[in-house]
Amino acid sequence: MANPCKAHAIWCAFLPAIFAGCASAPRYYLRLDPLESRIERDSAARTPAGTIPESQAQAGFLGERQGALEVSVKITNRSGESLEVDPLTFSGTTRWMDTAGQQNRTSVHILDRNSVIQGVNFRKAKVESAENPYQETGADKFGGFLDGVTGLASAFSGGPKTEEDKKFEKERRERQEEREENRRKSASFENERIAATSSLGAEAGYLSQNLWGPTTLKPSESSEKSLLLNSHLDGDTLELVLPLGPIRHHLLFKQTKIRLN
């Protein structure tokens, strides 16, 4: 495309991840390394003291997605009853040190599955409905037709005769070149639209298939899906707490900030 800055201005509103290079501010990548996990009985649960019904949760870090951290969580129901899994009950906490060396705790927001998917579909709809600024109008086509007829007439008459004829012919050719350039830009715009729409559609499909939503696991059944977390940038450890039936799983990660640029 002849003017990449103009293209960025058009598309950055829809695809900030693709054009993140427009910004000069430092960008960081957060990596999570599993440290430990433990389970405890929910004090409010009606189970005999000292017993913990069996279930299991494991988690691993997958990377960044939608501006958040994607963590894969596998839950296995090892009890003899059905297990209700509700991601809205999950919680997270980041521990971080302030400039005075004091440790602080910040709640980690776990993105809602439906909201994330709706957001991607909204961006997709905006890309699909965006006006092509280079689209040829009816007036453009008619002007091109007239210039074409004028050009043929000039060719049959042996070319421009006067200075005024030469000036008119020069302007006609400039208009024709501009129309051809706009056609190329229009085609490039539509190709980018198709690519962006396809990418966002694939992203919405991935999220629909892979993000945790309310689920019922039968005895011995397991499921592995993802959670998206907005973690504190300066945190050093992250803890996920998953209430599963009468027990709570605590999953601890070491968080490392890595600069990308």
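K74 counts as partly exposed, at 32% relative accessibility. This is a predicted model. K74 is found in strand 3, which belongs to an open sheet of 8 strands. The briefing starts at K74, follows the sheet and ends at helix 2.

**K74 and its surroundings**
- K74 falls between the cut-offs for buried and exposed, under 20% and over 50%, so its 32% makes it partly exposed.
- A57 lies 17 residues from K74 in sequence, yet their C-alpha atoms are 5.6 Å apart in space.
- K74 is in contact with Q56, A57 and Q58, and also with S222, S223 and E224, leaving aside neighbours within four places in sequence.
- Strand 2 spans residues 56–65, and strand 8 spans residues 222–230.

**The sheet**
- The strand order is 1-10-9-5-6-8-3-2, and the pairing is antiparallel.
- Strand 1 (28–41) and strand 2 (56–65) are the edge strands, each pairing on one side only.
- Neighbouring strands of this sheet are turned by 30° against each other on average, direction ignored.
- Strands of a sheet pair through backbone hydrogen bonds, in either a parallel or an antiparallel sense.

**Strands 2, 3 and 8**
- Strand 2 is joined to strand 3 by 9 bridges, and the two run antiparallel.
- G63 has E70 of strand 3 as its bridge partner.
- On to strand 8, strand 3 (residues 68–76) is linked by 8 bridges, again antiparallel.
- I75 is bridged to S223 in strand 8.
- Strand 2 and strand 3 form a hairpin with 2 residues between them.
- Q66 sits in the loop between strand 2 and strand 3.
- Phi of Q66 is near 55°, a positive value in a residue other than glycine.
- Q66 counts as partly exposed, at 32% relative accessibility.

**The loop before strand 8**
- S220 lies in the loop between strand 7 (215–217) and strand 8.
- S220 is not a glycine, yet its phi is positive, at about 75°.
- With 64% relative accessibility, S220 counts as exposed.

**Strands 5, 6 and 8**
- Strand 5 (residues 91–97) pairs with strand 6 (residues 103–110) over 6 bridges, in the antiparallel sense.
- T93 has S107 of strand 6 as its bridge partner.
- These two strands form a hairpin with 5 residues between them.
- G101, in the turn of this hairpin, has a positive phi of about 80°.
- Strand 6 and strand 8 run antiparallel and are joined by 2 bridges.
- H109 is bridged to N230 in strand 8.

**E239, a buried residue in strand 9**
- E239 belongs to strand 9 (residues 235–244).
- Its relative accessible area is 10%, so E239 is buried.
- The side chain of E239 makes a polar contact with the side chain of H250, at 3.0 Å.
- E239 also touches R38, S91, G92, T93, R95, R105, L251 and L252, among residues beyond four places away in sequence.
- Strand 9 stands between strand 10 and strand 5 in the sheet order.

**Helix 2**
- Helix 2 runs over residues 113–129, which is 17 residues.
- At 1.5 Å a residue, helix 2 should span 24 Å; its end C-alpha atoms are 25 Å apart, which agrees.
- V116, I117, V120 and V127 are buried in helix 2.
- Those buried residues cover an arc of only 95° around the axis, which puts them on the same side of helix 2.
- An α-helix has 3.6 residues a turn, so residues three or four places apart point the same way.
- Q118, F122 and S129 are exposed on the other side of helix 2.
- D112 caps the N-terminal end of helix 2.
- In this cap, a side-chain oxygen of D112 lies 3.3 Å from the backbone nitrogen of N114.

Terms used: Residues are numbered from 1 along each chain as its sequence is written. This is a predicted model: local features need pLDDT of at least 70, side-chain atom pairs count only at pLDDT 80 or more; totals for chains, interfaces and linings use all residues. Side-chain values use heavy atoms; hydrogens and water are left out. Two strands pair if DSSP finds at least two bridges between them. Helices (H or I, at least four residues) and strands (E, at least two) are DSSP runs, numbered from the N terminus. Axes are lines fitted to C-alpha atoms, for helices over the stretch in contact, and angles run from 0 to 180 degrees between N-to-C directions. Buried means under 20% relative accessible area, exposed over 50%, partly exposed in between (1.4 Å probe, protein chains only). A polar contact is a pair of N or O atoms within 3.5 Å; within protein, one must be able to donate a hydrogen and the other to accept it, and residues adjacent in sequence count only if both atoms are side-chain atoms. Contact means heavy atoms within 4.5 Å. The expected span of a helix is 1.5 Å times one less than its number of residues. The arc is that of the directions from the helix axis to the C-beta atoms.
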